[in-house]
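Could you walk me through this structure in my viewer, one selection at a time? I am new to it and would like to know what to pick next and what I will find there.

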Amino acid sequence: MKKCVLAVAVVSGVIALGVPEATWSVFGQVINDDSRDRRGIPPSNRADCNSNGISDECDLDCGASGGPCDISGCGESMDCNSNDVPDECDIADLTSNDCQPDGTPDECQLDQVIILPEYGPCSPAASSGQAWCEDFETYPVGPVNINGWYGWGAPTYSGVSPITVGPNHTPGGTKSMNLVIHETLHRFEGYDIAASSAWVLSTWVLIPQTMAGTADYRVQSEYNGAFNETLAFTLSMSATQDRIVHTRSGQWLPLVEDDWAEIRTVIDFDRDLVMIYYNDALLATQAWTVLGGPLDIAGVEFWSWSSSGCYFDDLSLFPARRITTDCFTNGIPDSCDIVGSLTEDCNDNFIPDQCEPDNDCQPNGIQDICDLAGPTGADCNGNHIPDDCEPNADCNGNSIQDICDIGDGTSLDCNATRVPDECELVDNDCNVNGSPDDCDVLSGVSADCNGNTILDECELSSGASADCQTDNVPDECQLEGVMLMPHSGPCSAAADNGEALCDDFESYEIGILSGINGWEGFGNNPMHAGRIVNAQNHTPGGSQSINNGSKDVLRVLSGYDISAAPAWVLRAWVYVPSTMNGPAFFLVDSDYDGTFIGCKNSVKLLMDPALGVISDWLEGSTLPLIMDEWVEVRVLIDFQRDLVTTYYDDVLLSTHPWTFFTCSAEIKAIHLLGLSSTTGFYCDDLSLFPAHPATTDCLDNGIPDECDLASCAGDPACGDCNGNEIPDGCELEVFDCNANAMPDDCDLADCVGDPACDDCNSNHILDWCDIDSGTTTDNNANGIPDVCDAQPPLLPATPHDTRKNRYVSFAPNNTDNVAFQVEMTASGEFPQSTGVLGWVGEADSNGVSRLIADPYFSDSWPELVHLSDCEIIPVATYAIRATVDAINFTDPLAVGTIIRPGVWFYGDTVGVGTGALPPDPGFTAPNQIVNVNDVTAYLLTAHGDTTPSAHTTWVDLHGLDAGVAPNYILNVSDLQRILFGLEGQRYDDASDQLDPADCP
């Protein structure tokens, strides 16, 4: 093959060799870091090989500012071979060859960076050294904070609508990134020398002529999320100056305005070299590590200080290849060998044929690559192997090789066996649809639930499998509960409305995950959001950390309900570190509206490192908590049966109704809550798939339970007394605590009045079983759990059943060990201060108790308790409840103080005198009038007179002058309060009208 045109390296992306098919680019410039004369000859005496009036030393380097070489025209020559002689002189003196010719000595072009053609699509989410490109077409208009895009220094800052519809470079596209007084960047990971020794970064930019101000294009070798970065280089674009400037060297080119232009950067890590091209012209070369950064592409950054803005589009970053272009090691670039007819290049790829892999499969004395390039090298399936070297099978007898039938699309090969599908139908097309059975399964057209390579529909039609439910699923596939449906194709973190969902957290950037694909903090508060990390991963790349600080994370869902599928399978992997010092929850919500009001947990799993267990809060069962390794949580949700079955590390943890809290048949959120103050837990590889309606074979008779229920009438094991569609015989092991061969909930429903079947504490467990298992105590052996033994307190006998002023009285009505809680339920003077006040303390010798902070339990309460304290005030109502455990309470006893007769209510202590003898006090209850009867009652009681007198709790209104709580002692302070009322004055001493909420 003869080439008669000399090779000339250009920067337009095409090597001009007279071969229009060639589309690779070759770059060979090398920067010289030290071109100073090593001989120490003064500039005035040094050589001037190119006779330009500038010494060779100064041609190569301008030196220090103000130095002898800091003159006009200095530093414009290259010295690629570092021999202290300008390249043009080496070539002119024939010291070096320049066969191209391109002004660069051949010896400097024997090891070149080659920009590879792009094979296959690249993705905005691609990472770790893969090809990456971004055309902005998939994003909505507005701020963009995903797939590695950030606002400068703040992951949540996105500036002013960077994605816009308008000028765009993408063929057929509509969107680009528009920067208006904004800073944004794209971060990279894995684009370093370890992934490839050379890279090509391309960006298209449009600068409107109307742009006021400047815009910067920067490439980073380091970025840490703050104003501390290492820039490899910066290009500044100014529409007012009509130039793009390489800020480090000051080199510039004319700016293209009102049209798209490419910024192309060739990064050669091996040579620590960067070559920057703008609009296909070389703008500058420099060292990549000019500021000491690593051999790593950390980010591309865009800054705009213009109010009218500029546009960026179609970014790409590809690994390049370094090849030796002197494969004969003869000191002549291969391109010159080729054009000089010293070698052949049959496929025009600028690699001599002798340097290509020596394959000749025919053999015909011609390399396969040349066969393929010529008329003898047919390659019908495009796999770069001549057809003559492929198997010559023709299974369908059409005189065409099978591989060509498949390659040309004449035949299908759905299972990639390299055999046409029509040749694989014998004993492999039981449904006679013209497609191999294994292809039917792969495509989701048919199912093979038992994995025996026979389609389910064929097993059913032949009678090999039974189908008692007539749901077209073999019974043997429905004996273990919810069955996963075949899943064809990938699922997506963004899938919704009943589609299969999976999230491996790989596509998100490291940092807070909020507002993407339904992930948010509780109440849509980013403070509660989780964080994407790569500290612990079930699959490489990232997981979500529910870290310390009460993180409350949700994946909000829509459309995952019974109408979309009757059953669902939720799978998630969790990692609980041994350093986690607080509990964490894995929850599934059937209702969520962003508040605690609409948040119903249908699945509530508690991971408690202190106890070393994972427990189901709704059902009470536990398993050992596995720490410091990844464990699967699997939840089977059967809406048809209203049943949830949960597995932890492949071990059954619990079963209970989905509607445990009267929830809907819908999955509204996956909910992760961490309460550790140190390390949190991690979640990864979360998936939610529709499943086939569940059936089981709990009786282990090979028949689905629903068929047993329908067909074995009269057999108690097949009964369904509670109507939950589970045979009664399957519930006895766990739910027959009294061993009477009847599920407990049926006992609870059917044996009303039988103490053995009572459930006094409403915990869905028979009282007898509560006591027998030790779940509750029965200290008096009366067959009733102690928590139910407490009796509500009663009103005391007359006359203490009437309202008093600063005391409430009650009869304890309990001989067991109980405590009494006090709550203010209403207050005429201080309605804002209602609520639980505390507990009734131990009674003194007078039967008077005070309020205390903690429960006081006693089995020897006096027959009558008088309670008085700062919080016991007139014109109020109190509720008193008894309890044996400070958890369960009896019905309340309502006790009130006096009714307000007017502003002088503190003076109303009694009604009228009756003249009765003891033990009757001789006065009626307060009558809303303050008169001499109230004074008389005080005086008689204070002096110990018995006829007539009032009980001390009626006329004791005040303690000592220093306090306000009655003290069961009558003194002048009590009389003073009565006299105030007698005079018709308001009792307005602030110290005596304390708000109960402010009492000491």
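Start by selecting helix H15, residues 972–982, in this predicted model. Its buried residues pack against H13 and against helix H14, which covers 952–955. To see which ones these are, colour Ser973, Asp974, Leu975, Arg977, Ile978 and Gly981: each of them is buried. Some of the spacing along the helix may catch your eye here. An α-helix has 3.6 residues a turn, so residues three or four places apart point the same way. Now step just past the end of H15 to Gly984, where phi is positive, at about 80°.

Next, move over to helix H13, residues 932–942, and pick Thr941 within it. Is Thr941 buried or exposed? Its relative accessible area is 14%, which is under the 20% cut-off, so Thr941 counts as buried. Show its surroundings too: leaving aside neighbours within four places in sequence, Thr941 is in contact with Ser949, Ala950, His951, Thr952, Val955 and Leu970.

Now for a strand. Select S30, residues 630–638. How many of its residues are buried? The count is 9 of the 9, so S30 is largely enclosed by the rest of the structure. In a regular strand the side chains alternate between the two faces of the sheet. Try two colours to see both faces of S30, which are covered. On one side, give Trp630, Glu632, Arg634, Leu636 and Asp638 the first colour; on the other, give Val631, Val633, Val635 and Ile637 the second. The residues of both sets are buried.

Keep S30 on screen and add its partners. Strand S25, residues 567–575, runs antiparallel to S30, and 9 bridges join the two. Look for Tyr575, which stands opposite Trp630 of S30. Then add strand S31, residues 643–648, which pairs with S30 in the antiparallel sense over 6 bridges. Here Val633 stands opposite Tyr648 of S31. S30 and S31 form a hairpin with 4 residues between the strands, and Asp642 there takes a positive phi near 50°.

Finally, zoom out to the whole protein. Its secondary structure comes to 15 helices and 42 strands. Of its 1000 residues, 47% are buried. Among contacts with a separation of 6 or more, 57% are between residues 24 or more positions apart. Switch on the surface to finish: the protein exposes about 44,400 Å², and carbon and sulfur atoms supply 53% of that area.

Definitions and conventions:
Residues are numbered from 1 along each chain as its sequence is written. This is a predicted model: local features need pLDDT of at least 70, side-chain atom pairs count only at pLDDT 80 or more; totals for chains, interfaces and linings use all residues. Side-chain values use heavy atoms; hydrogens and water are left out. Buried means under 20% relative accessible area, exposed over 50%, partly exposed in between (1.4 Å probe, protein chains only). Contact means heavy atoms within 4.5 Å. Accessible areas come from the Shrake-Rupley method with a 1.4 Å probe; for residues, only the protein chains shown count as cover. Two strands pair if DSSP finds at least two bridges between them.
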